[in-house]
Amino acid sequence: MKEKGQKKIVSIKVKLLAIILPVVIAIIILLVGFLYFISKNIIKEYSENLLSSSIENQTNQIEAWLSENLSAFKAIKQSIEQTKPKKEQLQAILDSYYSFHDNYPEGLYIADENGNLITATESGKNEADPIQSVWYQEGLTRWNMGFTKAYTNAKGEEVISASGILDDASDTMKVISVDLTLERISIIVNSYIEMEQARAFLVSSSDGTILAHHQNDLISTKLSASQDAFMQSVWQKVAQRDLKMAEIGENMTAFSEIQGTDWILVSYIPTNVIYADIDGVRNVMMIIGLLFIILLAVLVERVVHIVIRPVKELIKVITAMTNGDFTVQVKVRSSDEIGVMSGYVEQFILSMRQMIASIHAMSDKLSAQAGDSDTISEQMYDASKHQSQSMRELNSTVEQLSLSVGEIAEHATTLAMVVADAKEDGDQVDNRMQETVKISQNGKMDLQDVSNAMNNIDASVKKLQQVINEVGNASEEITNITEIIGNIADQTALLSLNASIEAARAGDAGRGFAVVATEIGQLANTSADAVHNIEGLIGQINGLVKDTIKQTKESVENINHSSSLVEDTLKTFDSIFGNIDQVNGLVHELIKKVEKVDDVATNVAAISEQQAASSEEILATSESMVRQVDNITGNSESVSEGAKELTSSAEELYQQIARFKIREEAGGQ
């Protein structure tokens, strides 16, 4: 079925026939017309030549006929003039010429100036006044016999006369004459016509009188008085002395003058007679042309069919190609333009097969790649979603870490302050220990005066007990400080571990933070070690202080109870002095440790501040990474949608390519 709006197909064969046949018909018609025109002109020219020759021959024959008759008349006239016959002899001569010739059956006759008419005895010619007759009047004008104009004689016959003066040596003027009937002249004129169906008539140029005509009723009539258009036209040409051959009305007409007369011979033939043969030839040519057209139409149809057949095969091939079938074959059977076109179409089919096969393979590959891209894009989208979630969790962890680092910084600052206070207390303990050393030295120096200075010793012991109590209190404070520092170090180590874990999760973005976390962890470990050392020293100090307090109490009790124990007291004092030296050394070491702890606390505070700044940078970086991950998620979603569209396009391309067949199917048709 034809699709809606599809134009109706007109075959090339019909178009070529519609173009060639009208052209051929027009050419044949023009050729027939041209041949008809040429033939008509040839026949016209031939007819004109023939008519001209005919009228010339007619004229010659009429002139010869007239000359013959006139010569005979002149001979008779000369014979009479030479013999000068008498009346009886003259009558005998006239009687001898009566019915002598068919042209002048009445013979000759003579009239004198007295009005006497001499005729043959058997002649019935009779005129009342011959002197007034046309023949007599014109005869008086010439010695030699000549023809008169046409007139009607006494019998009512239309005649012309040959008359002239007769010189018979008499004193009487005589005119000899002989009559020729116009009817006879008409017979003579028409008998000389050479062309079939041609007509001729004789006319007087002086007055237009018809002297001879095949229609007897027109003889002696005037051309000017005729109602016939042809006769009127002839008269106009005669009157104008235009004697050229011409077509007048429907007649080809020729004119010729009769020498010795004022007569004009008019010969004519109808043009339909002239062109009858050419019309027949035209009809034959038309029939032949029609047959030729039919034959040529059949021949052209066959030739066009043979020429167009490869085009139809190409149309079938192109139609199959349009429907996607490239399994068709093109047979190149000629080396003309159609053959060349067929060859190019065959090359095009081969190229299209290769191209479609390549596109088909590419579409399969594209479809597979599109499927893979779709899967990968979905995986990327899921991974980006997980990454976005992880980055948000990392961001939360970094925020918590930042808070923890802030707390660490605050605790580190507090630690630094506490350590500073501990350093001040250590300085005070050192001062007091110096004083105690001095006092101990003085006590050793004044040990001999123990008894005298028991009260002072008692007071000094009391002061010593107070100082030892203060040292115990200071050691307890140092213990508390070290516990705080230990807790801070443990929390810092725990935060460093968490930071290292989160930095490991953050990958490259968390490397700097991992370094900071490592430093913080090392610092926390160092602080913890220092705290443990301090705790150990403080434990020793506390033990010594407790022993000192116990011994001091015992000394006080012994001093209070017995002076005998002075020596023991001296020994005890020596022991105390030694312990004080040890305590002094331990205090110095404690001060050094406290200074070291102060430095460590200061470094921890600085590192904590740097760590806080770094955590803020990490937080900003984490937020930027979250935004980037969100962008990656959006792009992954766009990539996923693009992959789906690519998959759809690949499937559509596959469906489009599947329309084309480039090889025969198994069990193909």
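Here's a quick tour of this protein, from the whole chain down to single residues. What you're looking at is a predicted model. The protein has 669 residues, and buried ones make up 39% of them. Its secondary structure comes to 11 helices and 11 strands.

**The whole protein**

- The accessible surface adds up to about 37800 Å², and carbon and sulfur atoms hold 53% of that.
- Take the contacts with a separation of 6 or more: 67% of them are between residues 24 or more positions apart.

**Helix H1 and its nonpolar patch**

- Helix H1 covers residues 12-83, and Leu31 is found in it.
- Leu31 belongs to a nonpolar patch on the surface, together with Phe34, Leu35, Phe37, Ile38 and Ile42.
- Between them, these six side-chain owners, Leu31, Phe34, Leu35, Phe37, Ile38 and Ile42, have about 560 Å² of accessible area.
- Leu31 counts as partly exposed because its relative accessibility is 46%, and partly exposed means between the 20% and 50% limits.

**Strand S6 and its two partners**

- Strand S6 runs over residues 174-181 and is mostly covered, with 7 of its 8 residues buried.
- One partner is strand S1 (residues 108-112), which runs antiparallel to S6 and is joined to it by 5 bridges.
- Where S1 meets S6, Asp112 stands opposite Lys174.
- Strand S5 (residues 158-166) also pairs with S6 in the antiparallel sense, this time over 8 bridges.
- Over on that side, Val159 has Thr181 of S6 as its bridge partner.

**Two residues to find around S6**

- Gly139 sits in helix H3, which spans residues 134-139.
- Is Gly139 buried or exposed? Gly139 is buried, because its relative accessible area is 0%.
- Leaving out residues up to four places away in sequence, Gly139 touches Ser163, Gly164, Ile165 and Val175.
- Gly139 and Lys174 are 35 residues apart along the chain, and their C-alpha atoms are separated by 9.2 Å.
- Asn114 is in the loop between S1 and strand S2 (117-118).
- Asn114 counts as exposed because its relative accessible area is 54%, and the cut-off for exposed is over 50%.
- Even so, Asn114 touches Ile131 and Thr172, again not counting residues up to four places away in sequence.
- From Asn114 to Thr172 is 58 residues in sequence but 8.1 Å in space, C-alpha to C-alpha.

**The five-strand sheet**

- Further along, 5 strands make an open sheet with antiparallel pairing, in the order S8-S7-S11-S10-S9.
- Which strands are at the edges? They're strand S8 (210-212) and strand S9 (246-248), and each pairs on one side only.
- From one strand to the next, the twist averages 40°.
- Inside the sheet, strand S10 (residues 251-257) and strand S11 (residues 263-270) run antiparallel and are joined by 7 bridges.
- To spot that pairing, look for Glu257, which stands opposite Ile264 in S11.
- Helix H4 (residues 182-191) lies across S8, S11 and strand S7 (199-204), and it runs at about 65° to S8.

**Thr271, in helix H6**

- Helix H6 takes in residues 271-274, and Thr271 is part of it.
- Thr271 is buried, because its relative accessible area is 13% and the cut-off for buried is under 20%.
- Setting aside its neighbours within four places in sequence, Thr271 is in contact with Glu247, Glu250, Asn251 and Met252.

**Two loop residues with a positive phi**

- Ser99 isn't a glycine, yet it has a positive phi of about 60°.
- You'll find Ser99 in the loop between helix H2 (87-96) and S1.
- Arg241 also has a positive phi of about 60° although it's not a glycine.
- The loop that holds Arg241 is the one between helix H5 (229-239) and S9.
- How exposed is Arg241, and what is its relative accessible area? Arg241 is partly exposed, with a value of 44%.

Definitions and conventions: Residues are numbered from 1 along each chain as its sequence is written. This is a predicted model: local features need pLDDT of at least 70, side-chain atom pairs count only at pLDDT 80 or more; totals for chains, interfaces and linings use all residues. Side-chain values use heavy atoms; hydrogens and water are left out. Patches are made of residues with over 30% relative accessible area and no salt bridge: like charges are joined within 9 Å, nonpolar side chains (Val, Leu, Ile, Met, Phe, Trp, Tyr) within 5 Å. Accessible areas come from the Shrake-Rupley method with a 1.4 Å probe; for residues, only the protein chains shown count as cover. A salt bridge is a side-chain nitrogen of Lys or Arg within 4 Å of a carboxyl oxygen of Asp or Glu. Helices (H or I, at least four residues) and strands (E, at least two) are DSSP runs, numbered from the N terminus. Buried means under 20% relative accessible area, exposed over 50%, partly exposed in between (1.4 Å probe, protein chains only). Two strands pair if DSSP finds at least two bridges between them. Axes are lines fitted to C-alpha atoms, for helices over the stretch in contact, and angles run from 0 to 180 degrees between N-to-C directions. Contact means heavy atoms within 4.5 Å.
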